[in-house]
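Student: Could you help me read the features of a fold, one at a time? I would like the general idea and then the case at hand.

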Amino acid sequence: MPRSGKKRLFFALWPDDDIRDRVVRATRAEVRGTDGKPTPPENLHMTLNFLGPTPQSLIHSLIERVSALPLAPFELTLEQYGYWQRAGTLWLGPNETPRPLAELVGDIGRISHELGLPRNRRAFIPHMTLARKVGRLAPKEPPRPIRWPVNEFVLAESALGGRHSRYTILEHFD
């Protein structure tokens, strides 16, 4: 843990091995065609709410309150590529945000804000980062849709350093 007594936290959907493998196989050619820095397969996830540096003293309350949220299982269909030019990021996401996902993101944001954490000002765009520092875009034929049955989400810690961030799942919520 950093000296400040804070952990760099985020809530996310975390794919199982099958979904992760399907994403990697389905997007391999497009990722290679970008000359970017691919996301390591074990780091693939969909961030729901990035909390940033979170005081250790709030983590128990955060977990307790988020644990009480109902999660209606839903299906997420990863079916389109996106590109953020300014950030040089290639991503994969759904054409539409399922209602249970939008509600979950809103509830997590509300709870986090009530506990005194900064409100996320950006609109939620569900996406899984495939590559960073993208130098050029490969042709973007829509990928074959990947159906992801979602019945849980996680609280994870992000440790910066080295070639890639390291993620540790602290809690599962279902």
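Tutor: We will go through sheets, helices, a strand's two faces, a loop and the pockets. Please keep in mind that this is a predicted model.

Student: Let's start with the sheets. What is the strand order in the open sheet that contains strand 7?

Tutor: For a sheet, look at the order of the strands and then at their direction. Here four strands form an open sheet in the order 2-7-6-5, and the pairing is antiparallel.

Student: Which strands stand at the edges there?

Tutor: Strand 2 and strand 5 (80–84) do; each has a single partner strand, so one side of each is left without a neighbour in the sheet.

Student: How many bridges join strand 6 to strand 7?

Tutor: Strand 6 (residues 89–93) runs antiparallel to strand 7 and is joined to it by three bridges. To find the register, pick one pair: leucine 92 stands opposite methionine 128 of strand 7.

Student: And what is the order in the open sheet that contains strand 9?

Tutor: That open sheet has four strands in the order 3-1-9-10, with antiparallel pairing. Its edge strands are strand 3 and strand 10 (166–173), each of which pairs on one side only. From one strand to the next, the twist averages 25°.

Student: Which residue of strand 3 stands opposite leucine 9?

Tutor: Glycine 52 does. That pair belongs to the pairing of strand 1 with strand 3, where eight bridges join the antiparallel strands.

Student: Now the helices. Which strands does helix 1 lie across?

Tutor: With a helix on a sheet, ask what it crosses and at what angle. Helix 1 lies across strands 2, 5, 6 and 7, and runs at about 35° to strand 7.

Student: At what angle to strand 3 do helix 2 and helix 3 run?

Tutor: Helix 2 (residues 56–67) runs at about 145° to strand 3, and lies across strand 1, strand 3, strand 9 (153–159) and strand 10. Helix 3 runs at about 10° to strand 3, and lies across strand 1, strand 3 and strand 9.

Student: How do I read the two faces of a strand? Which side chains of strand 8 are buried?

Tutor: In a regular strand, side chains alternate between the two faces of the sheet. Strand 8 (residues 146–150) shows the alternation: Ile146, Trp148 and Val150 point to one face and are buried, whereas Arg147 and Pro149 point to the other and are not.

Student: Which residue of strand 8 is the bridge partner of phenylalanine 74?

Tutor: Valine 150 is that partner. Strand 4 (residues 74–78) pairs with strand 8 over five bridges in the antiparallel sense.

Student: Let's try a loop. Where is lysine 133, and is lysine 133 buried or exposed?

Tutor: Lysine 133 sits in the loop between strand 7 and strand 8. The cut-off for exposed is over 50%, so lysine 133, at 63% relative accessibility, counts as exposed. Its phi is near 55°, a positive value in a residue other than glycine.

Student: Which residues does lysine 133 touch beyond its neighbours in sequence?

Tutor: Leaving out residues up to four places away in sequence, lysine 133 touches Asp35, Gly36, Lys37 and Gly88. Compare sequence with space, too: lysine 133 and threonine 89 are 44 residues apart in sequence, yet 6.4 Å apart C-alpha to C-alpha.

Student: What about aspartate 35: where is its place?

Tutor: Aspartate 35 lies in the loop between helix 1 and strand 2. At 52% relative accessibility aspartate 35 counts as exposed, and its phi is near 60°, a positive value in a residue other than glycine.

Student: Finally, the pockets. How many residues line the largest pocket?

Tutor: For a pocket, take the volume, then the lining. The largest pocket has a volume of about 1,300 Å³ and is lined by 38 residues, with Thr47, Phe50, Arg122, His127 and Arg132 nearest its centre. Helix 3 supplies the largest share of that lining, five residues. By class, the lining has 15 nonpolar, 15 polar and eight charged residues.

Student: And which helix gives the most to the lining of the second largest pocket?

Tutor: Helix 1 (residues 17–32) does, with five residues. That pocket has a volume of about 220 Å³, and its lining includes Val24, Gly36 and Leu130. Six of its lining residues are nonpolar, three polar and two charged.

How values were computed: Residues are numbered from 1 along each chain as its sequence is written. This is a predicted model: local features need pLDDT of at least 70, side-chain atom pairs count only at pLDDT 80 or more; totals for chains, interfaces and linings use all residues. Side-chain values use heavy atoms; hydrogens and water are left out. On a 1 Å grid over the protein atoms alone, a cavity is a set of points where a 1.4 Å probe fits but cannot get out, and a pocket is an open set with protein on both sides within 12 Å along at least five of seven lines; lining residues have an atom within 4 Å of a point. Grid points are joined across faces, edges and corners, and a volume is the space filled by probe spheres set on the points. Ala, Val, Leu, Ile, Met, Phe, Trp, Tyr, Cys and Pro count as nonpolar, Asp, Glu, Lys and Arg as charged, and the others, Gly among them, as polar. Two strands pair if DSSP finds at least two bridges between them. Contact means heavy atoms within 4.5 Å. Axes are lines fitted to C-alpha atoms, for helices over the stretch in contact, and angles run from 0 to 180 degrees between N-to-C directions. Buried means under 20% relative accessible area, exposed over 50%, partly exposed in between (1.4 Å probe, protein chains only).
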